[in-house]
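Hi,

Here is the structure I promised to pass on to you. Have a look at it first, and then read on for what turned up in it.

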Amino acid sequence: MKKFLGFALILVLSIALAACGSEKDKGGSETEKESKKLVVGASNVPHAEILEEAKPLLEEKGIELEIETFQDYVLPNKALNDKELDANYFQHIPYLESQIKENGYDFVNAGGIHIEPIALYSKKYKTIDKLPDGATIILSSSVADHGRALSLLEKNGLITLKEGIDKTTATTKDIVKNEKNLKFDSEYEAALLPKIYESSEGDAVLINSNYAIDAGLNPIEDSIAIEDSESPYVNVIAVNKGDENKEAIKALVEVLHSKEIQDFILEEYEGAVVPADK
């Protein structure tokens with residue numbers, strides 16, 4: 001009887017310990033599951049659309065993707081800095097670098113995903129060579145976009161910038177030749193530029209492709225000049241320093257570099273958005 005009772009006690013203890021281990025494993029799995037949820041901030045177009053396409057591919061890897069959309073270029077970085085986001089996907093490299101410098105953000109580029117060629121639009125003139133002497137060109141108020149815009153104008157023979165400067169940081173002060181006496185207006189936020197274009201204000205408006213597409217414009221067909229695919233303005237996944245090594249972030253970048261997503265970008269945007277793979 002004593003042997004039986006001893007055996008029964010050992011059996012009960014074994015079951016209890018196994019149950020505790022099972023609960024522990026269950027809790028650990030739950031924690032692991034929570035750690036595989038990614039919250040990514042993005043502009044509506046094309047960033048959020050691309051992320052939506054990536055969702056099922058990430059699900060296959062056990063990662064739940066939550067997308068938060070933003071309408072401006074300031075709040076997504078504030079939210080990332082405040083750890084409200086795991087990553088954001090809306091900005092190109094020069095803008096990211098300027099924000100790090102201006103605000104002291106401890107961000108890094110986890111991977112370049114695509115290029116959105118900036119383009120020049122005009123309600124008044126069908127070709128860039130028809131722009132008159134003294135024409136007003138409207139730029140966004142974001143200084144980080146000015147070098148890009150001015151480089152496009154230079155490539156099309158409208159202006160000449162100082163030799164040897166870093167053209168990604170150029171401003172109107174770096175123009176050394178302006179034979180058409182172009183005037184520049186940069187008082188409007190980038191998101192407002194499609195409306196400025198529709199109102200026929202100014203003679204031509206430089207608009208980032210994400211805002212142009214969101215407003216129903218086709219950068220390839222509707223513009224009078226467009227950036228080529230050699231643009232250095234690659235849109236990236238930005239994260240807080242150190243997070244670029246997390247498996248979920250690596251998986252996100254890997255999926256966005258996949259053939260499925262790159263093919264989607266090419267087919268969906270027909271050259272208005274160009275995939276990048278680094």
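Let's begin with a pocket: the second largest pocket has a volume of about 230 Å³. Keep in mind as you look around that this is a predicted model. The residues that line this second largest pocket are R148, S151, L152, K155, K167, T168, E227, D228, E230, S231, P232 and Y233. Sorted by class, that lining holds six charged, three polar and three nonpolar residues.

The largest pocket comes in at about 280 Å³. It has 13 lining residues, and P94, S98, E102, V143 and A144 are the closest to its centre. Here the lining splits into four charged, five polar and four nonpolar residues.

Now for the cavities. How many cavities of 30 Å³ or more does a search of the whole structure find? There are three of them. The largest cavity has a volume of about 120 Å³. It is lined by 13 residues, and the ones closest to its centre are Y73, F90, H92, R148 and N208. You may remember R148 from the list for the second largest pocket. Which strand gives the most to the lining of the largest cavity? That is β3, residues 87–92, with three residues. By class, you'll find seven polar, three charged and three nonpolar residues around the largest cavity.

The second largest cavity has a volume of about 40 Å³. Its lining is made of I118, L139, S140, D145, H146, A149, L193, L206 and N208. Two elements give two or more residues to it: strand β6 (136–140) and helix α5 (146–155). Five of the lining residues are nonpolar, three are polar and one is charged. N208 is worth clicking on, since it turns up in the lining of the second largest cavity and is also among the residues closest to the centre of the largest cavity.

Next, the sheets. A quick reminder from class: strands of a sheet pair through backbone hydrogen bonds, and they can do so parallel or antiparallel. One sheet in this model is open and has six strands, in the order β2-β1-β3-β12-β4-β13, with mixed pairing. Why do β2 (64–70) and β13 (274–275) each have one side without a neighbour in the sheet? They stand at the edges and have a single partner strand each, so nothing in the sheet sits on the other side. Further in, β4 (residues 107–115) and β12 (residues 234–240) pair antiparallel, over seven bridges. If you want one spot to zoom in on, try G111, whose bridge partner in β12 is I237. Helix α4 (residues 93–103) lies across β3, β4 and β12, and it runs at about 110 degrees to β3.

There is also an open sheet of five strands, again with mixed pairing, in the order β9-β6-β10-β5-β11. Its edge strands are β9 (183–188) and β11 (225–226), which pair on one side only. Strands β6 and β9 run parallel and are joined by four bridges. T136, for instance, stands opposite K183 in β9. Packed on this sheet is α5, which touches β5 (119–121), β6, β9, β10 (204–207) and β11, and its direction makes about 145 degrees with that of β6. That is the helix you met at the second largest cavity, where α5 gives two or more residues to the lining.

On to the aromatic rings. A pair of them is described by how far apart the centres are and by the angle of the planes. The search of the whole structure finds seven aromatic pairs. One of them is Y73 with Y211, a tilted pair at 5.3 Å centre to centre and 35 degrees between the planes. This pair links distant parts of the chain, 138 residues apart: Y73 is in the loop between β2 and α3 (75–81), while Y211 is in helix α7 (residues 209–214). And Y73 is another of the residues closest to the centre of the largest cavity.

Finally, two backbone details to look up. Where is there a cis peptide bond? It joins V45 and P46, with omega at about -5 degrees. P46 lies in helix α2 (residues 44–59). The other detail is K83, which has a positive phi of about 65 degrees although it is not a glycine. You'll find K83 in the loop between α3 and β3.

Have fun exploring!

Conventions:
Residues are numbered from 1 along each chain as its sequence is written. This is a predicted model: local features need pLDDT of at least 70, side-chain atom pairs count only at pLDDT 80 or more; totals for chains, interfaces and linings use all residues. Side-chain values use heavy atoms; hydrogens and water are left out. On a 1 Å grid over the protein atoms alone, a cavity is a set of points where a 1.4 Å probe fits but cannot get out, and a pocket is an open set with protein on both sides within 12 Å along at least five of seven lines; lining residues have an atom within 4 Å of a point. Grid points are joined across faces, edges and corners, and a volume is the space filled by probe spheres set on the points. Ala, Val, Leu, Ile, Met, Phe, Trp, Tyr, Cys and Pro count as nonpolar, Asp, Glu, Lys and Arg as charged, and the others, Gly among them, as polar. Two strands pair if DSSP finds at least two bridges between them. Contact means heavy atoms within 4.5 Å. Axes are lines fitted to C-alpha atoms, for helices over the stretch in contact, and angles run from 0 to 180 degrees between N-to-C directions. Rings of Phe, Tyr and Trp (its six-membered ring) pair if their centres lie within 6.5 Å; planes under 30 degrees apart count as stacked, over 60 as edge-to-face and the rest as tilted.
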